[in-house]
Amino acid sequence: MNCLSRLLAGYMVDKFVYKKFMTTCGVLLTLNLLSIYFVGQYLAGILICVWLVYFIGFAHFSTIPAQVSIQI
């Protein structure tokens, strides 16, 4: 799952600006954490929310190359 989130985030950084991508990840993570209270009453709901937190939380590792501007 970690590898999948890194690959997806790396692909998304190529398509979107870093600032907008990380803002979107932060908003999605916030909404997910807020929804745990309501969805977490069911086992399937809590499992999905925890996996989404894990997926979105590791998305920032692939964005490190997008932060560095290398000019040759």
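**Briefing: a four-helix chain, starting from M22**

M22 counts as partly exposed because its relative accessibility is 24%, a value that lies between the limit of under 20% for buried residues and the limit of over 50% for exposed ones. The model described here is a predicted one, and within it M22 is found in helix α2, which covers residues 18-39. The points below begin with the chain as a whole and then return to helix α2 and some of its residues.

**The chain as a whole**

- The secondary structure of the protein chain consists of four helices and zero strands, and when the elements are read from the N terminus on, their order is α-α-α-α.
- The protein chain has 72 residues, of which 18% count as buried.
- The surface that the protein chain exposes comes to about 5600 Å², and 73% of this area is supplied by carbon and sulfur atoms.
- Among the contacts in the protein chain with a separation of 6 or more, 69% are accounted for by residues that stand 24 or more positions apart.

**The nonpolar core**

- Five residues, namely F21, C25, F55, I56 and A59, make up the largest nonpolar core of the model.
- The elements that give two or more residues to this core are helix α2 and helix α3, the latter covering residues 43-57.
- I56, which is one of the core residues, can also be related to M22, since the two are 34 residues apart along the chain while their C-alpha atoms are separated by 9.9 Å.

**Buried and exposed residues in helix α2**

- Which residues does N32 touch, when those up to four places away in sequence are not counted? N32 touches C49, L52 and V53.
- N32 has its place in helix α2, and it is classed as buried because its relative accessible area is 7%, a value that falls under the 20% limit.
- L31 also lies in helix α2, but L31 counts as exposed because its relative accessibility of 51% is over the 50% limit.

**A nonpolar patch on the surface**

- L31 belongs to a nonpolar patch on the surface that is formed together with V27, L28 and L34.
- Taken together, the residues of this patch have about 380 Å² of accessible area.

Note on methods:
Residues are numbered from 1 along each chain as its sequence is written. This is a predicted model: local features need pLDDT of at least 70, side-chain atom pairs count only at pLDDT 80 or more; totals for chains, interfaces and linings use all residues. Side-chain values use heavy atoms; hydrogens and water are left out. Buried means under 20% relative accessible area, exposed over 50%, partly exposed in between (1.4 Å probe, protein chains only). Contact means heavy atoms within 4.5 Å. Accessible areas come from the Shrake-Rupley method with a 1.4 Å probe; for residues, only the protein chains shown count as cover. Patches are made of residues with over 30% relative accessible area and no salt bridge: like charges are joined within 9 Å, nonpolar side chains (Val, Leu, Ile, Met, Phe, Trp, Tyr) within 5 Å. A salt bridge is a side-chain nitrogen of Lys or Arg within 4 Å of a carboxyl oxygen of Asp or Glu. A nonpolar core is a set of buried Ala, Val, Leu, Ile, Met, Phe, Trp, Tyr and Cys residues joined through side-chain atoms within 4.5 Å.
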